[in-house]
Amino acid sequence: KRTRSTLYTALLFLLYGLIFYTNPVYKESPGWLLFVAIFLTGTGMLIFGQWIINWDGSHFDFLMTRNIKTNTYIRANYFLLLALCILSFIATTPYFLFGTKIITIHVAAFLYNAGVNIHIYLYSASFNTKRLELSKGSSMNMQGVSYKNFIVMIPLLLVPILLVSLFSLFSASHIALVILSVLGLAGILFREPLLKISEKQFLNRKYALCTGYRNKE
């Protein structure tokens, strides 16, 4: 139930662009437009990825007894998040009809999601030791949610929004989009060193995760 309801939520959020892109109040606000673009182009990754390791909580001990290399496990999660990110981006291409400005922001947001936010999620996922019960739906269900889910939103959303908003004061928001795109491309090109950092973090937190996932809320 939990994964199914999460999928339905992600599909619903894909329609949020209709609220913002059709409202003239937000059209002249680069910060808001980037916020919506990051959320739309990474909907699947952002919603599913905040529990990328927690999804395995009910059978985590079993996974740790199998002959699965840590780099294989981390890379499997990486490519899952990347696939969700790509699918979300493809699903939002109809928004390109709103003009070249939206296209530019969506491409920059997608690159930032694929090159930066994915690695932030993979690295921070090991800090959340709350177990998820997959048989329970997500509606009004705060199981597995902690303050750490909200802290991780700072680099995911707040930093790029503040960057674009700052540059927009000097009518140079396009420079901020270039910076975000370059950071995203760098994250994609240098994914192996970044994945090794997440792998090392996972190894350091593995036993804490095992202990936390054994406790049912």
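This briefing describes how some helices pack in the structure above and where three residues sit. The model is a predicted one. Helix 4 covers residues 30-41 and helix 10 covers residues 153-168. Helix 4 packs with helix 10 and also meets helix 8. The three residues are Ser168, Ser171 and Leu195.

**Helix 4 and helix 10**

- The axes of helix 4 and helix 10 lie 8 Å apart, and the packing angle is about 150°.
- Helix 4 is therefore roughly antiparallel to helix 10, since angles over 145 degrees count as such.
- The crossing of helix 4 past helix 10 is right-handed.
- On the helix 4 side, the contact is made by Pro30, Gly31, Leu34, Phe35 and Ile38.
- On the helix 10 side, these residues meet Leu156, Leu157, Pro160, Ile161, Val164, Ser165 and Ser168.
- By type, the residues of this contact of helix 4 with helix 10 are nine nonpolar, three polar and no charged.

**Helix 10 in its surroundings**

- Helix 10 has 16 residues, which at 1.5 Å a residue should span 22 Å.
- The C-alpha atoms at the ends of helix 10 are 22 Å apart, in agreement with that expected span.
- Leu156, Leu157, Pro160, Ile161 and Val164 are buried in helix 10.
- An α-helix has 3.6 residues a turn, so residues three or four places apart point the same way.
- Helix 4, helix 5 (43-49), helix 8 (100-124) and helix 11 (173-189) are what the buried residues of helix 10 pack against.

**Helix 4 and helix 8**

- The axes of helix 4 and helix 8 come within 8 Å, crossing at roughly 55°.
- Helix 4 and helix 8 are therefore oblique to each other.
- Helix 4 passes helix 8 with a right-handed crossing.
- From helix 4, the residues in this contact are Leu33, Leu34, Ala37, Ile38, Leu40 and Thr41.
- From helix 8, their partners are Lys101, Ile102, Ile105, His106, Ala109, Phe110, Tyr112, Asn113 and Asn117.
- The contact of helix 4 with helix 8 is made up of 10 nonpolar residues, four polar and one charged.

**Ser168 and Ser171**

- Ser168 belongs to helix 10.
- With a relative accessible area of 24%, Ser168 is partly exposed, because the partly exposed class runs between 20% and 50%.
- Not counting residues up to four places away in sequence, Ser168 touches Pro30 and Ser173.
- Ser168 and Glu28 are 140 residues apart in sequence, yet their C-alpha atoms are 9.9 Å apart in space.
- Ser171 lies in the loop between helix 10 and helix 11.
- The relative accessibility of Ser171 is 66%, so Ser171 counts as exposed.
- Ser171 has a phi near 55°, which is positive although the residue is not glycine.
- Most residues other than glycine have a negative phi.

**Leu195**

- Leu195 is part of helix 12, which covers residues 191-213.
- Its relative accessible area is 1%, so Leu195 is buried, the limit for that class being under 20%.
- Leu195 is in contact with Ile74, Arg75, Tyr78, His119 and Leu122, leaving aside neighbours within four places in sequence.
- Leu195 and Asn71 are separated by 124 residues in sequence and by 7.9 Å in space, C-alpha to C-alpha.

Technical notes:
Residues numbered from 1 in each chain as written. Predicted model: local features only at pLDDT ≥ 70, side-chain atom pairs only at ≥ 80, totals over all residues. Heavy atoms only, no water. Axes fitted to C-alpha atoms, helices over the stretch in contact; angles between N-to-C directions. Helix = DSSP H or I, 4+ residues; strand = E, 2+ residues; numbered from the N terminus. Parallel < 35°, antiparallel > 145°, perpendicular 65-115°, else oblique. Left-handed = near helix turned anticlockwise from the far one by under 90°. Contact = heavy atoms within 4.5 Å. Nonpolar A, V, L, I, M, F, W, Y, C, P; charged D, E, K, R; others polar. Expected span 1.5 Å × (residues − 1). Buried < 20%, exposed > 50% of the residue type's maximum accessible area, 1.4 Å probe, protein only.
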